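Student: Please take me through this structure. I want to hear how each label is earned.

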Amino acid sequence: MVKAISTEKDLLLKIDKSFPWETFRSKLKSLYSKKPKWDVISLLKVLLIKFVFDISWNNLEGEIRDSKSFMDFLDGKVPPKSTVFSFYKKLQQTVVQEGETMRTTLMDELNKALNKVISEYREKGFELEVGREKTIGSRTTT
């Protein structure tokens, strides 16, 4: 029997507990020449919400503010979309750390870590479903 993790809250709780956030902190900070105004882990979490729940850049701040689960995941702090977009662009660049250029982009490493978390839950019999609505027969649930 497949157990479904289908609500925002369930999915975000599972990711928050399993994703190795702190292992990326120094690499994320290295994207900036001086201390960033926003916590880099918070920016990463906003990107995760954006891509997992397929939210447009224009609707990102509003969607996050309208969702208790999103706000809880971000500890009630929502960076402006321009800051998040700038962070996203920085992630796509090759990162230089300790004088050596990394062979993959930081974004690839983050995707691998997220895929590992998802795979671990699938191996335990969970099915991760994303999105705000799930259609069952002719009935739509949220």
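Tutor: Start with a definition: buried means under 20% relative accessible area, exposed over 50%, and partly exposed in between, with a 1.4 Å probe and protein chains only. This is a predicted model: local features need pLDDT of at least 70, side-chain atom pairs count only at pLDDT 80 or more, and totals for chains, interfaces and linings use all residues. Residues are numbered from 1 along each chain as its sequence is written, and side-chain values use heavy atoms, leaving out hydrogens and water.

Student: Why is I15 called buried?

Tutor: Its relative accessibility is 3%. The cut-off is under 20%. So I15 counts as buried.

Student: Which residues does I15 touch, not counting those up to four places away in sequence?

Tutor: W21, L48 and L114. Contact means heavy atoms within 4.5 Å. I15 and L114 are 99 residues apart along the chain, yet their C-alpha atoms are separated by 8.1 Å.

Student: What puts the buried residues of α6 on the same side?

Tutor: Helices are DSSP runs of H or I, at least four residues, numbered from the N terminus. In α6 (residues 81–91), the buried residues are V84, F87, Y88 and L91. They cover an arc of only 100° around the axis, so they lie on the same side of α6. The arc is that of the directions from the helix axis to the C-beta atoms.

Student: Why is α3 described as largely enclosed by the rest of the structure?

Tutor: 12 of its 13 residues are buried, so the description holds. Among them are V40, L44 and K50.

How values were computed. Helix = DSSP H or I, 4+ residues; strand = E, 2+ residues; numbered from the N terminus.
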